[in-house]
Every structure is written in structure tokens, then in C-alpha cells.
Amino acid sequence: SIAFLYRRMPPKSSSGGPKQKAAAKQEQLLAARVEKANAEAEKVEAASWAVGSKNNSKQKAAEDKEAEKLRKAADKARLLAEDESSLAGTVFKKSSKKKGKDDFDLLDAALSKQPKTKAQKELEAKKKIAEDRKKKEAEDKALKEAQKLAD
């Protein structure tokens with residue numbers, strides 16, 4: 001079908017639209033992050049090769065851990081940027097559901113138009129009586145409290 005082909009075609013506009021500008025900005029940010037991570041890694045490596053450096057295993061382990069952390073952060077940023085750039089050209093078609101045209105909507109409409117049974121009417125009458133009684137009790141209680149306050 002034609003819809004299958006549209007999903008795989010690149011976007012038609014070659015002008016610098018907002019999505020392309022956002023993707024370019026993401027790439028710039030990624031490049032800056034990678035450059036910073038590389039600089040940190042070089043700094044750590046240079047420190048390890050420094051003349052007269054102590055053979056401190058704890059310090060070396062901490063530096064290695066920090067270098068690994070920076071490398072993982074750079075990789076994660078690169079992967080996220082690749083994901084964003086791959087999704088930037090994808091157009092998702094929104095499907096709008098027309099109200100009242102669904103089978104369930106028609107069923108609900110049909111059931112609401114049916115006449116009520118005797119049992120349903122009796123149940124509604126009992127509920128109404130119970131609500132009226134509760135309202136009357138609340139009014140009586142309010143009147144008694146008002147009389148107590150007045151006395």
C-alpha cells in the first residue's frame with residue numbers, strides 16, 4: 001500500500017526547518033560533550049604517565065572509575081543524539097476518532113433508549129426515598145442545633 005512507502009521516504013523539505021535545526025544543535029552539543037570527555041580522558045592519561053607519580057592504587061582506581069564514567073556518559077549522549085536524529089525525520093500520522101460512530105457508542109445509545117423494567121423503577125424509587133430521608137434528617141439536625149444555639 002502507499003502508506004507503507006510514506007513511512008520510509010525521507011522528508012521532502014530540504015530547507016532548514018525547525019527539526020533539522022534542532023538535530024544540528026543536538027549534534028553540536030554531542031560534539032562538545034565528546035570533546036570534553038576526550039579532554040578529560042587525556043588529562044587522566046597524562047597524569048598516569050607523569051614523571052615521579054606515586055604508585056597509589058586507590059587514586060588510580062578512582063581516576064579509572066571517573067574516566068569510565070565520563071566515557072559512558074559520552075557514549076550515552078552519542079546514542080541519544082543518534083536516536084533523536086533518526087526520529088527527527090519521521091512523521092507520525094495522527095488518527096482522529098469520530099465520536100458516535102463506534103460500535104460501543106451505538107450500543108450505549110440503544111441501551112439508554114430502552115424502557116426501564118419494573119425492578120429498575122422500584123430500585124430508583126427506593127434510592128430516591130432514601131436520599132429524601134437523609135436530606136430531611138440533615139435539615140432536622142441543623143434546626144435542632146440552631147435552636148440549641150438560640151437558647
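**Figure 1. Where helix H2 meets helix H3.** Lys19, Leu30, Arg33, Ala37, Glu40 and Val44 on the H2 side touch Glu63, Leu70, Ala74, Ala77, Arg78, Ala81 and Ala88 on the H3 side. Sorted by class, this H2–H3 contact has 8 nonpolar residues, 5 charged ones and no polar ones. Keep in mind while looking that this is a predicted model. Among the nonpolar members is Leu30 of H2, and Leu70 is one of the H3 residues taking part.

**Figure 2. How the two helices lie against each other.** A pair of packed helices is described by the angle between the axes and the distance between them. Here, H2 covers residues 18–48 and H3 covers residues 57–88, and the two pack at about 165° with their axes 9 Å apart. That angle makes H2 roughly antiparallel to H3, since anything over 145 degrees falls into that group. And which hand does the crossing of H2 and H3 have? It's left-handed.

**Figure 3. The whole chain, for orientation.** Step back for a moment before the next close-ups. How many helices and strands does the protein chain have? There are 5 helices and 0 strands, so reading from the N terminus the elements simply go α-α-α-α-α. The protein chain has 151 residues, and 4% of them count as buried.

**Figure 4. Glu68 and Arg71, a pair within H3.** Side chains of opposite charge can pair when their charged atoms come close. Arg71 does this with Glu68, forming a salt bridge in which the closest N and O atoms are 2.4 Å apart. Both residues belong to helix H3, and they sit 3 residues apart, or about one turn of the helix. Are these two buried or exposed? Something in between: Arg71 counts as partly exposed because its relative accessibility is 41%, and Glu68 counts as partly exposed too, at 32%.

**Figure 5. Arg71 again, this time with Asp75.** Move along H3 and Arg71 turns up in another salt bridge, now with Asp75, where the closest N and O atoms are 2.9 Å apart. Asp75 and Arg71 are 4 residues apart in H3, so about one helical turn separates them. With a relative accessible area of 29%, Asp75 is partly exposed. Put this view together with Figure 4 and you get a network of salt bridges linking Glu68, Arg71 and Asp75.

**Figure 6. Arg78 and Glu82, another H3 salt bridge.** The structure holds 4 salt bridges in total, and one of them joins the side chains of Arg78 and Glu82, at 3.0 Å from N to O. These two residues also lie in H3, 4 residues apart, which is about one turn of the helix. Arg78 is partly exposed at 33% relative accessibility, and Glu82 is partly exposed at 42%. You've already met Arg78 in Figure 1, among the H3 residues that meet H2.

**Figure 7. Pro18 and Ala88, far along the chain.** Pro18 is part of helix H2. Is Pro18 buried or exposed? Exposed, because its relative accessibility is 70%. Pro18 and Ala88 are 70 residues apart in sequence, yet their C-alpha atoms are 9.8 Å apart in space. Ala88 is also one of the H3 residues that meet H2.

**Figure 8. Lys43 and Ala67, another pair across the sequence.** Lys43 also has its place in helix H2. At 58% relative accessibility, Lys43 counts as exposed. Along the chain, Lys43 and Ala67 are 24 residues apart, while 9.6 Å separates their C-alpha atoms.

Definitions and conventions
Residues numbered from 1 in each chain as written. Predicted model: local features only at pLDDT ≥ 70, side-chain atom pairs only at ≥ 80, totals over all residues. Heavy atoms only, no water. Axes fitted to C-alpha atoms, helices over the stretch in contact; angles between N-to-C directions. Parallel < 35°, antiparallel > 145°, perpendicular 65-115°, else oblique. Left-handed = near helix turned anticlockwise from the far one by under 90°. Contact = heavy atoms within 4.5 Å. Buried < 20%, exposed > 50% of the residue type's maximum accessible area, 1.4 Å probe, protein only.
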